[in-house]
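Reader: I'd like to walk through this model with you, one feature at a time. Could you give me the general idea first and then the case at hand?

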Amino acid sequence: MLQDLLLLFIVIAGGAYGLYLMRGVDHFIKKNREEEAAVHSDKRRECAVIFSDSGAPELEEWFSDAGFRVVSVSGIYLPEECRDARYLVALGSSDVDNLSVCNLMKQVNPKAEIYSLCNDRSVKKLYRKAGASVAYNREELMQRMELIILGHEVGAA
């Protein structure tokens, strides 16, 4: 009889300990899911600004697929929602407009990565002062941005 009670006590204690361990595992899994959701939502909150006269639907799609919030701008201004942008891509046909947007972004958000289309090679120095990575034709810039968005920053440099 005493052995049966002792065995029953051991089984109940083992079951309680197992439930305690499972609760810890569930808590661990829940915490990791919340952290992953927070990381994903932080990335989702990151913004990419695309300045273009004619639009760049392909580039917008790439950024959206990578989890960025895309803001298209056609004038020389930055909406309030772009103040924390991670990328600026200037694809305008005018160097004056591209440089203006690049300089504005550099002042508003110095941490942003700036990429621009340089239509006249003689103003490349001004783009460098604005902190922009320069491409001389639209296709080259689009290829570089595709590599960056896909996570191949070294290949893009």
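Reader: Let's start with helix 2: which residues are exposed on its other side, away from the buried ones?

Author: Pro57, Glu61 and Asp65 are exposed there. Buried means under 20% relative accessible area, exposed over 50%, and partly exposed in between, with a 1.4 Å probe and protein chains only. Helices (H or I, at least four residues) and strands (E, at least two) are DSSP runs, numbered from the N terminus. One caution: this is a predicted model, where local features need pLDDT of at least 70, side-chain atom pairs count only at pLDDT 80 or more, and totals for chains, interfaces and linings use all residues. Residues are numbered from 1 along each chain as its sequence is written, and side-chain values use heavy atoms, with hydrogens and water left out.

Reader: And which residues of helix 2 are buried?

Author: In general, an α-helix has 3.6 residues a turn, so residues three or four places apart point the same way. In helix 2 (residues 57–65), the buried ones include Leu59, Trp62 and Phe63. They span an arc of only 95° around the axis, which places them on the same side of helix 2; the arc is that of the directions from the helix axis to the C-beta atoms.

Reader: What covers those buried residues?

Author: The cover includes strand 1, strand 2, strand 3 and helix 5 (138–149). Just after helix 2, look at Gly67, which takes a positive phi of about 95°.

Reader: How do I read the nonpolar cores?

Author: A nonpolar core is a set of buried Ala, Val, Leu, Ile, Met, Phe, Trp, Tyr and Cys residues joined through side-chain atoms within 4.5 Å. The largest one here has 22 residues, and Val49, Leu88, Cys102, Met105, Ile114 and Tyr127 have the most contacts inside it. At least two residues each come from strand 1 (47–51), strand 2 (69–73), strand 3 (85–90), helix 3 (95–108) and strand 5 (132–135). Helix 3 gives the most, with four residues. There's also a second, separate core of 19 residues, with Ala48, Leu59, Ala66 and Ile149 among them.

Reader: What does Met105 touch, leaving aside neighbours within four places in sequence?

Author: Contact means heavy atoms within 4.5 Å. On that basis Met105 is in contact with Val49, Leu78, Cys82, Ala85, Leu88, Pro110, Ala112 and Ile114.

Reader: Now the charged pairs: how many salt bridges are there?

Author: The general idea is that side chains of opposite charge can pair when their charged atoms come close. The rule is a side-chain nitrogen of Lys or Arg within 4 Å of a carboxyl oxygen of Asp or Glu, and the count comes to three. Take Glu46 and Arg86, whose closest N and O atoms are 3.3 Å apart. Glu46 sits in the loop between helix 1 and strand 1 and Arg86 in strand 3, so the pair ties together parts that are 40 residues apart in sequence.

Reader: Where do the partners in the Arg69 and Asp84 pair lie?

Author: Arg69 and Asp84 have their closest N and O atoms 3.9 Å apart. Arg69 is in strand 2 and Asp84 in the loop between strand 2 and strand 3, 15 residues apart, and the pair links distant parts of the chain.

Reader: And the pair in helix 5, Glu140 and Arg144: buried or exposed, or something in between?

Author: Glu140 is partly exposed at 29% relative accessibility, whereas Arg144 counts as buried at 16%. Their closest N and O atoms are 3.4 Å apart. Being four residues apart in helix 5, Glu140 and Arg144 are separated by about one helical turn.
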